[in-house]
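I opened a new notebook page for this model. My entries follow in the order in which I looked things up.

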Amino acid sequence: MGRASRPGWGLFAVVVLVLSILVPPAGALDVPPLTGRVVDLAGALPSSVRERLADTLAEHERTTGNQVAVLIVPSLEGEDLFTFSHRVATTWRLGEKGTDNGALLLVALKDRKIRIEVGYGLEGALTDARSSQIIRHAIAPRFRAGDIPGGVTAGVEAILQSIAGTYEAPTPAQPAADHAGRVIDVLFAVMLGTVIGLVVSGFHRRLGPLVGGALSFLAAPWVLPALLSGGIALAIVAWLRYRLDEVPSPTRRGRGGRRTLDDGWWYTTNGGGWSSDGYAGGGDLGFSGGGGDFGGGGASGDW
Amino acid sequence: MQSDASFDRRPGRRVPLAGAAVVLGLVTLTGTVAGCGYNDLQGLDEDTKAAWSEVVNQYQRRADLIPNLVETVKGYAAHEKETLESVVAARSKATGVSVTPDTLKDPESFRQYQEAQAGLTGALGRLLAIAENYPNLKADQNFRDLQSQLEGTENRIAVARKRYIERVAEYNKAVRFFPTNLTARFLLGLQERPNFTVADEKAIAKPPEVKF
């Protein structure tokens, strides 16, 4: 039971929670779940090709940080190619947050349409013109000859060649927290903990600070502010009790501080088993977008 | 311990109540400051301005592509003078109307901007439609690259507009809803902002049907 690993798990639980709230509304054609780097809903690729592509893409992400995914759908079901492609890319959130180095190759078999959707951060390397050339020269001719796996492979290779070297592989970092709104949340958590703590301490002296601290730990967002506000609330209640009672009791603070962590334990180890931050390590399992954004760059084509 | 606790009980009960009252007052105060939406409104205001800048940015990007496009088309279809000139005219009209974040409040200048841009969208649509009649132009690599860039820019404009529409809707809600509307009106002087109307754009931008 390494105590040091707990904040990481807590962060995790919060991220999972937030993501589950942010599930996008269903559109005309549902965005398929991101089950891997190559999502073949039309069954157009033999599994050997699919696995090789997924390995290539995973290796590319490992060395450059760029997240590239392939989606093959049987049909657009009447939906606009760009609208669907952009919705898939922004829902999957390919690429890193802030760097936006993601790209999507979308193929709609029945519509005979191809689109390369390019994240903000790759627009310089994989320009609209370049994307269009890849579609026209690498993918479309092979598709026309009936070679879907060959076209997809050639397209992926051309995309990776264009964007290789755009970014250095990043060291996996924790997502930057937005500090602005958090101060108010922490204040609120401290207030809540203090009030309840004081009320409880009216009935039970020792339980008051503990409940107060634990409450504001749980009420605060994110783990670091949570520890902070938990500690502050605990200290305030303990201090108030101390002043009011005029009975010094140094053990309160020490024991309480430890207990706050223990009280939060169930909460912080509640996380799931998948990464929401990319970098799932080797292989294709547990692949997910890193929070990248797409502004409409890329190109469309047909065959 | 037992006697200690019962001894404490008397003053202990009275004073925490007073303390709780003070803290409760503080909570209410922070609640009021947070609840009046001052920060939220300021944030939303900035968000809409940023979203607007992106819209302007992408329209500008489109305008920048046009001289090159017109030159390329001229090389193959110089006698399509009327269409070419209408594109150039629409471009200069569109770049002539500028809407800064500060004049965003004015629905009239917003409408003018939108109309000018929609006029350019329409003229460009006509230009690309006639390009279909020139196989040599269509096969030109430079033209194909420009065409894909133009298409990408139109997509970016669509995304930027969509995001602006969402931001403004959020902002307008905050400006109209109670109690943030009080803060918006009396403290910040913020007003509702005009938003894009999809119907207008479609009507103006619709390229004429080409019949053979």
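**Entry 1: a surface patch**

Which residues of chain B form a nonpolar patch on the surface? I found B:Phe178, B:Leu182 and B:Phe186. Together they have about 390 Å² of accessible area. I note here that the model is predicted.

I then took B:Phe186 by itself. I located B:Phe186 in helix α7 of chain B, residues 180–188. Is B:Phe186 buried or exposed? B:Phe186 counts as exposed, because its relative accessibility is 62% and the cut-off for exposed is over 50%.

**Entry 2: chain B as a whole**

I counted secondary structure next. Chain B has eight helices and zero strands. Read along the sequence, the pattern is α-α-α-α-α-α-α-α.

I looked up burial for chain B. Of its 212 residues, 38% are buried. The accessible surface of chain B is about 12,100 Å². Carbon and sulfur atoms account for 56% of that surface.

I also checked how contacts in chain B spread along the sequence. Among those with a separation of 6 or more, 79% are between residues 24 or more positions apart.

**Entry 3: chain A as a whole**

I ran through the list again for chain A. Its secondary structure comes to 10 helices and five strands. Chain A has 303 residues, and 50% of them count as buried. I read an exposed area of about 14,000 Å² for chain A. Carbon and sulfur atoms supply 60% of it. For contacts between residues at least 6 apart in sequence, 73% in chain A join residues at least 24 apart.

**Entry 4: where the chains meet**

How many residues does the contact take from chain B and from chain A? I noted 32 from chain B and 33 from chain A. The area buried between the two chains is about 2,500 Å². Carbon and sulfur atoms give 56% of that buried area.

I went on to the polar side of the interface. Eight residue pairs are in polar contact across it, both residues at pLDDT 80 or more. Four salt bridges also cross between chain B and chain A. One of them joins B:Arg156 and A:Asp128. Their closest N and O atoms are 2.7 Å apart.

Which elements of chain B supply at least two residues each of the side that touches chain A? I wrote down α1 (2–35), α2 (38–77) and α6 (141–176). The largest share comes from α1(B), with 15 residues.

**Entry 5: A:Tyr120**

I stopped at A:Tyr120. A:Tyr120 lies in the loop between β4 (113–119) and α4 (128–144) of chain A. A:Tyr120 counts as partly exposed, because its relative accessibility is 30% and that class runs between 20% and 50%.

What does A:Tyr120 contact, leaving aside neighbours within four places in sequence? In chain A, I listed A:Asp100, A:Asp293, A:Phe294 and A:Gly295. In chain B, I listed B:Glu54 and B:Arg163. I also looked up A:Gly95, which is 25 residues from A:Tyr120 along the chain. Their C-alpha atoms are separated by 9.5 Å.

**Entry 6: two positive phi values**

A:Asp100 came up among the contacts of A:Tyr120, and I followed it. Its phi is positive, about 55 degrees, although A:Asp100 is not a glycine. A:Asp100 is in the loop between α3 and β3 (102–108) of chain A. Is A:Asp100 buried or exposed? A:Asp100 counts as buried, because its relative accessibility is 12% and the cut-off is under 20%.

I then looked at A:Glu77. Its phi is near 50 degrees, again a positive value in a residue other than glycine. A:Glu77 sits in the loop between β2 (67–73) and α3 (81–92) of chain A. I read a relative accessible area of 62% for A:Glu77, so A:Glu77 is exposed.

**Entry 7: A:Ser85**

My last lookup was A:Ser85. I placed A:Ser85 in helix α3 of chain A. At 0% relative accessibility, A:Ser85 counts as buried. Which residues does A:Ser85 touch, not counting those up to four places away in sequence? I noted A:Leu104, A:Leu106, A:Arg115 and A:Glu117.

How values were computed:
Residues numbered from 1 in each chain as written. Chains lettered and ligands numbered in written order. Predicted model: local features only at pLDDT ≥ 70, side-chain atom pairs only at ≥ 80, totals over all residues. Heavy atoms only, no water. Helix = DSSP H or I, 4+ residues; strand = E, 2+ residues; numbered from the N terminus. Buried < 20%, exposed > 50% of the residue type's maximum accessible area, 1.4 Å probe, protein only. Patch = residues over 30% accessible without salt bridge, like charges linked within 9 Å, V, L, I, M, F, W, Y side chains within 5 Å. Areas by Shrake-Rupley, 256 points an atom, 1.4 Å probe, with all protein chains shown as cover. Salt bridge = Lys/Arg side-chain N within 4 Å of Asp/Glu carboxyl O. Contact = heavy atoms within 4.5 Å. Buried area = accessible area lost by both parts, 1.4 Å probe. Polar contact = N/O pair within 3.5 Å; in protein donor to acceptor, adjacent residues only side chain to side chain.
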